[in-house]
Protein chains: 2
Amino acid sequence: MTDDARPTTITDVAVELGVSIATVSRALTRPELLSQETRARVLEGIERLGYQPNLLARDLRLRESKVAFVIVPSLSPFFLEVFRGVEKAARKTGYSVLMGHTDRDPAREQVFFDQVAARRADGIILVTSSRASAIVSRKQRLPPIVAALEQIDGRPLPTVRVDHTAAAVAATEYLLELGHRRVAHISGPMISPMAVHRLEGYQQAMGPGFDAGLCIEGDFTIRSGELAMGLLLGRQDPPTAVFAGNDEMAIGAVRAVKSAGLRVPEDISIIGFDDQRIAGLYDPPLTTVHVPTAEIGYRSMLLLERVLAHSAADRDIVLPTKITVRATTAPCKTRLDRAAPST
Amino acid sequence: MTDDARPTTITDVAVELGVSIATVSRALTRPELLSQETRARVLEGIERLGYQPNLLARDLRLRESKVAFVIVPSLSPFFLEVFRGVEKAARKTGYSVLMGHTDRDPAREQVFFDQVAARRADGIILVTSSRASAIVSRKQRLPPIVAALEQIDGRPLPTVRVDHTAAAVAATEYLLELGHRRVAHISGPMISPMAVHRLEGYQQAMGPGFDAGLCIEGDFTIRSGELAMGLLLGRQDPPTAVFAGNDEMAIGAVRAVKSAGLRVPEDISIIGFDDQRIAGLYDPPLTTVHVPTAEIGYRSMLLLERVLAHSAADRDIVLPTKITVRATTAPCKTRLDRAAPST
DNA sequence: TTGAAAGCGGTACCAA
DNA sequence: TTGGTACCGCTTTCAA
């Protein structure tokens with residue numbers, strides 16, 4: 001079991017070729033400083049010995065790793081899209097990107113911050129907006145961070161996001177324009193600022209007299225959407241349209257409607273939020289608010305690089321959303337479209 | 001902009017407290033070697049100065065990083081599940097896990113291998129089975145690797161997987177037992193060994209006289225499943241049941257059936273493979289072969305640690321699969337259930 | 001129980 | 001154009 005042969009080091013190469021380690025280093029990093037001949041000889045030796053520089057040593061010396069972490073709260077397809085965008089940008093600029101997830105646990109978030117403090121990565125793209133974020137309670141100096149998707153509570157971080165409130169207004173108004181009057185909202189958990197903003201948009205669009213009973217708090221899962229819709233359906237005056245805080249809950253709502261023997265969109269219109277992959281694949285395909293997820297990731301990485309290069313002040317980039325109409329919304333057919341809620 | 005203050009180092013702490021850096025180091029790594037008093041004093045100083053050890057330096061010295069990479073071919077929810085399992089195991093044993101993806105590009109795979117060679121990580125869990133894997137053509141010594149999900153062509157790597165062939169046999173037989181005779185197969189791309197194995201299972205279950213015309217090659221995407229099903233439906237003697245090589249293609253098949261005005265499972269039964277999340281959520285919910293994805297990840301990480309500790313020889317762990325019956329399969333109602341194909 | 005010092009494997013400055 | 005060497009920040013003998 002003497003298989004544990006050490007990897008080839010720069011010294012091995014230098015000794016083998018009878019040159020200094022400085023020369024070997026230069027062959028890789030500043031080849032123009034070497035003579036044709038030496039360069040060729042060294043490169044050949046490197047190849048022959050299978051030498052690969054120890055990045056740990058290099059990074060230690062250079063004080064940078066060219067690595068960025070993307071931290072997501074959960075491993076949903078939604079966040080994956082963001083990651084994809086980040087990777088695309090990183091590839092163009094020579095960064096490596098790695099993904100970690102926190103399970104919405106601030107302690108785990110902290111672990112990644114520490115990794116950066118420990119120089120394993122240069123910076124972080126944080127795709128979470130939980131109020132419980134480690135950021136908020138943080139005393140120590142923060143690592144270089146870009147917030148993606150949503151501003152982080154209480155800290156003016158460089159951010160790439162969409163305007164959740166405005167998008168929610170648009171979604172609600174779309175339903176209103178279809179003639180719906182009793183429009184319900186299934187929101188995400190109030191612990192998520194994003195969910196709060198979407199709720200605010202809904203309220204804003206519904207006007208001052210909106211019916212609080214038509215607002216139900218879910219937790220972004222399909223099951224919660226299903227449950228919430230069940231509640232809504234049980235009312236004496238069920239809504240004719242529902243604006244769900246994300247696609248998953250919208251799907252849950254569709255399910256509940258179906259299992260109640262009603263049809264979407266004939267009996268009830270439903271609009272989701274995010275335009276996740278599943279939105280277009282579901283049966284029926286979901287009308288939803290399109291969020292440019294990959295683009296958010298892409299821009300986030302670009303912004304992070306600027307931050308790392310100290311070449312830009314903090315910025316807040318807001319990307320546009322749009323409503324993607326598919327098959328779960330239709331004009332309101334109900335006669336009884338009284339505007340006044342029964343409270 | 002003199003904000004660029006260097007992070008606190010071990011020397012800073014030592015100077016501040018008037019002790020040696022060895023003492024500071026010991027306070028963190030071997031506290032039992034220090035006197036009560038010194039230890040307390042040093043720890044207080046560390047806390048006060050917000051010192052965090054530079055892991056790069058530590059890893060360089062220790063020759064290990066306690067980091068593992070999970071490399072996936074694509075960022076699908078399917079691979080995410082594997083990642084989740086890996087993380088769970090890693091958390092118990094103090095490893096950090098980071099995810100990278102290759103887009104099925106061997107060159108990108110190579111990049112991650114290099115990262116390990118460069119000591120940024122100790123080992124790799126490779127969740128890909130492409131024949132084009134960088135592994136196959138590799139001359140250099142491989143980094144410590146565990147293959148998850150599928151054996152890698154031509155290299156006897158430690159592996160955690162399922163028996164794709166046996167599972168495919170079971171899936172096909174399940175359809176056969178429901179009375180179906182004309183059972184088609186939509187396979188994954190033949191470049192994927194996994195797809196090949198599943199196809200082989202299908203052929204094995206159908207027996208020697210299977211109809212090659214009932215085998216269509218897809219590429220694991222929904223669209224390809226839809227297209228393939230379209231082809232099948234266009235035959236003079238369309239199948240009464242279809243075994244799709246994964247859930248996505250199964251969904252595509254369901255779509256095609258629906259849009260042809262037929263019903264699933266009344267007119268045509270469809271079974272998928274993998275039991276991805278979407279399988280249970282789709283309408284109708286998919287009958288499929290359950291693959292213990294997270295468990296595969298979990299066991300892979302455990303195995304990798306053994307490999308890294310040189311405490312185990314190469315191993316091939318095979319986990320069981322089972323058929324999860326949902327709503328896309330039903331007994332064959334067709335009278336014309338002739339066993340002999342028309343070839 | 002503590003300190004001094006030798007590396008770990010690179011990069012880059014200063015000389016030659 | 002090349003070599004010598006200080007240094008990045010830490011761990012761990014070896015001595016005191």
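How many residues surround DNA strand C, and which are the closest? The legends below start there; keep in mind that this is a predicted model.

**View 1. Here is DNA strand C with the protein residues around it.** The count is 26 residues, and the closest are Ile10(A), Ser25(A), Asn54(A), Ala57(A) and Thr38(B). Look for α2 and α4 of chain A, along with α2 and α4 of chain B: each of them supplies at least two residues of the surface near DNA strand C. Sorted by class, the residues of that surface come out as 14 nonpolar, 8 polar and 4 charged.

**View 2. Now we move over to DNA strand D and its surroundings.** This strand has 28 residues around it, and Thr38(A), Ile10(B), Ala22(B), Ser25(B) and Ala57(B) come nearest. Chain A gives two or more residues from each of α2 (21-29) and α4 (55-62), while chain B does so from α1 (10-17), α2 (21-29) and α4. The largest share of the surface near DNA strand D belongs to α2(B), with 6 residues. As for classes, this surface has 14 nonpolar, 9 polar and 5 charged residues.

**View 3. This close-up shows where chain B touches chain A.** On the chain B side 32 residues take part, and they are in contact with 32 residues of chain A. To find your way around the chain B side, pick out α4 (55-62), α5 (77-93), β2 (96-101), α6 (106-117) and α11 (277-281), each of which supplies at least two residues. The largest share of that side, 5 residues, comes from α4(B). The side of chain B that touches chain A is made up of 19 nonpolar, 7 polar and 6 charged residues.

**View 4. Put the two chains together and you can see how one maps onto the other.** Turn chain B by 180°, with 0.0 Å of shift along the rotation axis, and it superposes on chain A with an RMSD of 0.1 Å. That is the relation of a two-fold axis. The same surface serves both copies, as 97% of the contact residues of chain B recur in chain A.

**View 5. Zoom in on chain A to see α2(A) packing against α3(A).** Helix α3 of chain A covers residues 36-49, and its axis lies 9 Å from that of α2(A), at an angle of about 90°. The two helices, α2(A) and α3(A), are therefore roughly perpendicular to each other. From α2(A), the contact uses Thr23(A), Val24(A) and Ala27(A); from α3(A), it uses Thr38(A), Arg39(A), Val42(A), Leu43(A) and Ile46(A). By class, that makes 5 nonpolar, 2 polar and 1 charged residues.

**View 6. The last stop is an open sheet of 6 strands in chain A.** Follow the order β7-β6-β8-β9-β10-β12, and note that the pairing is mixed. At the edges sit β7 (215-217) and β12 (322-324), each paired on one side only. On average, neighbouring strands of the sheet are turned by 20° against each other, direction ignored. Within the sheet, β8 (residues 241-244) and β9 (residues 269-274) run parallel and are joined by 3 bridges. Val242(A) stands opposite Ile270(A) in β9(A). Helix α10 (residues 247-259) of chain A packs on the sheet, where it touches β6 (183-187), β8, β9 and β10 (287-290). The direction of α10 makes about 160° with that of β9(A).

Methods. Residues numbered from 1 in each chain as written. Chains lettered and ligands numbered in written order. Predicted model: local features only at pLDDT ≥ 70, side-chain atom pairs only at ≥ 80, totals over all residues. Contact = placed C-beta atoms within 7 Å. Helix = DSSP H or I, 4+ residues; strand = E, 2+ residues; numbered from the N terminus. Nonpolar A, V, L, I, M, F, W, Y, C, P; charged D, E, K, R; others polar. Near = placed C-beta within 6 Å. Axes fitted to C-alpha atoms, helices over the stretch in contact; angles between N-to-C directions. Parallel < 35°, antiparallel > 145°, perpendicular 65-115°, else oblique. Least-squares fit on C-alpha atoms with pLDDT ≥ 70 in both. Pairing = 2+ DSSP bridges.
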